[in-house]
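Here is my note on the model you passed along, set out as numbered points. I hope it is handy to have beside the viewer.

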Amino acid sequence: GVRFGATVMLRTSSGKNQGAERRLTLVGVDEADAATGRVAFTAPIARALLGKRVGEKATLRLGGCEEVLDVVGIAYS
């Protein structure tokens, strides 16, 4: 499952960005850099993904909007 240090490939399955794909790496707060896809493990999207496995969905709620994200890949470097 997704844990600290993972690079996660996601596909948005609902919401305004449906079909969009993105890649995020869960890092420490001091290493976070949204422009390069490095997300602090404390960020809402990271918390939604922790423990998820490939094929599972995570729901992200931000400011009254909700997105459902499909975990399509997990890698550790």
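The points below go from the core to the strands, the salt bridges and the surface.

1. A word first on what we are looking at: this is a predicted model. Please read every distance and area below with that in mind.

2. Let us start inside. The largest nonpolar core holds 16 residues. Val-2, Val-8, Leu-10, Leu-24, Val-39, Ile-45 and Leu-49 are the ones with the most contacts within this core. Two or more core residues come from each of strand S1 (6-14), strand S2 (21-27), helix H1 (44-49), strand S4 (57-62) and strand S5 (65-76). Helix H1 gives the largest share, four residues. As background, nonpolar side chains in soluble globular proteins tend to be buried together.

3. Ile-45 is a good residue to click on next. Apart from neighbours within four places in sequence, Ile-45 is in contact with Leu-10, Arg-22, Leu-24, Val-39, Leu-60 and Leu-69. Among these partners, Leu-10, Leu-24 and Val-39 also belong to the core residues with the most contacts. Arg-22 is on the list too, and we will meet this arginine again in points 4 and 7.

4. Now the strands. S1 and S2 run antiparallel and are joined by five bridges. Within this pairing, Leu-10 stands opposite Arg-22 of S2. The two strands make a hairpin with six residues between them, and Gly-15 in the turn has a positive phi of about 95°. That glycine is worth a look if you are checking backbone torsions.

5. On to the next pairing: in which sense do S2 and S3 pair? They are parallel, over three bridges. Strand S3 covers residues 38-40, and Ala-40 in S3 stands opposite Val-27.

6. Turning to charges, the count comes to five salt bridges, and I will go through three of them. Arg-11 and Glu-21 form one, with their closest N and O atoms 2.8 Å apart. Because Arg-11 lies in strand S1 and Glu-21 in strand S2, the pair ties together parts that are 10 residues apart in sequence. Arg-11 counts as partly exposed because its relative accessibility is 34%, whereas Glu-21 is exposed, with a relative accessible area of 54%.

7. The second pair is Glu-67 with Arg-22, where the closest N and O atoms are 2.9 Å apart. It links distant parts of the chain, with Glu-67 in strand S5 and Arg-22 in strand S2, 45 residues apart. Is Glu-67 buried or exposed? At 13% relative accessibility, Glu-67 counts as buried, since the cut-off for that class is under 20%. Arg-22, at 30%, is partly exposed. So Arg-22 has a salt bridge to Glu-67 as well as a contact with Ile-45.

8. A third salt bridge joins Arg-61 to Glu-66, with 3.0 Å between the closest N and O atoms. Here Arg-61 is exposed at 59% relative accessibility, and Glu-66 is partly exposed at 42%.

9. Last, the surface. Phe-4, Val-29 and Phe-41 make a nonpolar patch of about 290 Å². Phe-41 sits in the loop between strand S3 and H1. Its relative accessibility is 35%, so Phe-41 counts as partly exposed.

Conventions:
Residues are numbered from 1 along each chain as its sequence is written. This is a predicted model: local features need pLDDT of at least 70, side-chain atom pairs count only at pLDDT 80 or more; totals for chains, interfaces and linings use all residues. Side-chain values use heavy atoms; hydrogens and water are left out. A nonpolar core is a set of buried Ala, Val, Leu, Ile, Met, Phe, Trp, Tyr and Cys residues joined through side-chain atoms within 4.5 Å. Buried means under 20% relative accessible area, exposed over 50%, partly exposed in between (1.4 Å probe, protein chains only). Contact means heavy atoms within 4.5 Å. Patches are made of residues with over 30% relative accessible area and no salt bridge: like charges are joined within 9 Å, nonpolar side chains (Val, Leu, Ile, Met, Phe, Trp, Tyr) within 5 Å. Accessible areas come from the Shrake-Rupley method with a 1.4 Å probe; for residues, only the protein chains shown count as cover. A salt bridge is a side-chain nitrogen of Lys or Arg within 4 Å of a carboxyl oxygen of Asp or Glu. Two strands pair if DSSP finds at least two bridges between them.
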